[in-house]
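Welcome, and please open your viewer with the chain in cartoon style. We will go from one selection to the next, pausing at each stop.

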Amino acid sequence: MGATLLRIATVAAIGGMVFLMDDPAAAGTEVQPVPRWIRQALRAVLGLVLFVPSWVVSASVVKTTVNSTTGEPLPVTDLAVEAGILMAICCALVLFGLNRSGGTSGSSVAAPGLAVLVLVFIALPDGAALYTDPASDGWAAARQRWQWLGGAALALCGLQAWMRRPGYASLWR
C-alpha cells in the first residue's frame, strides 16, 4: 500500500516536471550568448531541485502514516531508484520531443509517453512486472528489471542529447 502511494506521487511529480523543459520562445532566443543546452540543463536542475525534496517529504509521510499502521517496511532506497529511472525515461522522452519539435515542446511527447509507460508497467504479467509489492517474491527480480531499464534509459538520454548537437543531420527530423 505504501509503495503504491509513493509511486503515484512519483508519477504525478514527474508528469508535472516534463513541462519545465518546454521552451516556446526557443526561436527568439537563438542569438543568446548562452547555448540552448545550458538553458535546458538549468531547467532540468531546477526540476530536480523541486522534485527531490517533494519526493523525500512524500516518502517520509508514507513511511510514518501508512506503514506504521500496516507494519510492513518501506524500501525507500529501491523506490528512490525507481523514481530516478522513471525520471531518466522521461528525460529521454523530453529530448526526443525536443528533437522532433525543433526545441520548443518536449512535453508533447513526454507527458503522454509517461502515461502510456506507466499503464504498460502496471499491465505487465507477474513474470515481467516492474511494479511489484515489496513483500512479494518477485521484488528482487523486479529490481533487476528496473536496473536494466535504467541503463537503457540513460543510453537513450545520451543518444537523444547526441542527436541534438549542432550539425547533426537526423533521419528523425
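In which helix is the place of Glu-82? Select Glu-82 and you will land in helix 3, which covers residues 76-101. Keep in mind along the way that this is a predicted model.

**The whole chain**

Before zooming in, take in the full view. The chain holds five helices and zero strands, and read from the N terminus the elements run α-α-α-α-α. Turn the C-alpha trace onto its principal axes and the spans come to about 60 × 30 × 20 Å. Switch on a surface: the accessible area of the chain is about 9600 Å², and 72% of that belongs to carbon and sulfur atoms. The chain has 173 residues, of which 36% count as buried. If you draw a contact map, look away from the diagonal: among contacts with a separation of 6 or more, 68% are between residues 24 or more positions apart.

**First stop: Glu-82**

Now zoom back to Glu-82 and show its side chain. Is Glu-82 buried or exposed? Its relative accessible area is 4%, under the 20% cut-off, so Glu-82 is buried. Show the residues around it next. Leaving out residues up to four places away in sequence, Glu-82 touches Arg-7, Leu-130, Tyr-131, Trp-139, Arg-143 and Trp-146. Pick out Arg-143 from that group: the side chains of Glu-82 and Arg-143 make a polar contact at 2.5 Å. Then draw a distance between the C-alpha atoms of Glu-82 and Tyr-131, and the viewer should give 9.3 Å for two residues that sit 49 residues apart along the chain.

**Second stop: along helix 1**

From Glu-82, step across to its contact Arg-7. Arg-7 has its place in helix 1, residues 2-17. With 10% relative accessibility, Arg-7 counts as buried. Beyond the residues up to four places away in sequence, Arg-7 touches Leu-79, Glu-82, Leu-130, Tyr-131, Thr-132, Trp-139 and Arg-143. Compare the contacts of Arg-7 with those of Glu-82, and you will find Leu-130, Tyr-131, Trp-139 and Arg-143 in both.

Select Ile-8 next, also a residue of helix 1. Is Ile-8 buried or exposed? Its relative accessibility is 54%, over the 50% cut-off, so Ile-8 counts as exposed. Add Met-1 and Leu-5 to the selection and show the surface: together with Ile-8 they make a nonpolar patch of about 300 Å².

Stay in helix 1 and go on to Val-11. Val-11 is partly exposed, with a relative accessible area of 22%. Setting aside residues up to four places away in sequence, its contacts are Leu-86, Leu-114, Val-118 and Tyr-131. For a longer view, draw the line from the C-alpha atom of Val-11 to that of Ala-135: these residues are 124 residues apart along the chain, and the distance is 21 Å.

**Third stop: the aromatic rings**

Tyr-131 is among the contacts of Glu-82, Arg-7 and Val-11, and our last stop is at its ring. How many aromatic pairs does a search of the whole structure find? There are three. Begin with Phe-121 and Tyr-131: their ring centres are 6.0 Å apart and their planes meet at 80°, so this pair is edge-to-face. Phe-121 belongs to helix 4 (residues 107-123) and Tyr-131 to the loop between helix 4 and helix 5 (139-163), so the pair ties together parts 10 residues apart in sequence. Phe-121 itself is buried, at 7% relative accessible area.

Now keep Tyr-131 and add Trp-146. Here the centres are 5.7 Å apart and the planes stand at 45°, so the pair is tilted. This pair links distant parts of the chain, with Tyr-131 in the loop between helix 4 and helix 5 and Trp-146 in helix 5, 15 residues apart. Trp-146 is buried too, with a relative accessible area of 1%. Finish by showing Phe-121, Tyr-131 and Trp-146 as sticks in one colour: ring pairs link these residues into a cluster.

Key: Residues numbered from 1 in each chain as written. Predicted model: local features only at pLDDT ≥ 70, side-chain atom pairs only at ≥ 80, totals over all residues. Heavy atoms only, no water. Helix = DSSP H or I, 4+ residues; strand = E, 2+ residues; numbered from the N terminus. Buried < 20%, exposed > 50% of the residue type's maximum accessible area, 1.4 Å probe, protein only. Contact = heavy atoms within 4.5 Å. Patch = residues over 30% accessible without salt bridge, like charges linked within 9 Å, V, L, I, M, F, W, Y side chains within 5 Å. Areas by Shrake-Rupley, 256 points an atom, 1.4 Å probe, with all protein chains shown as cover. Salt bridge = Lys/Arg side-chain N within 4 Å of Asp/Glu carboxyl O. Polar contact = N/O pair within 3.5 Å; in protein donor to acceptor, adjacent residues only side chain to side chain. Phe/Tyr/Trp six-rings, centres within 6.5 Å; stacked < 30°, edge-to-face > 60°.
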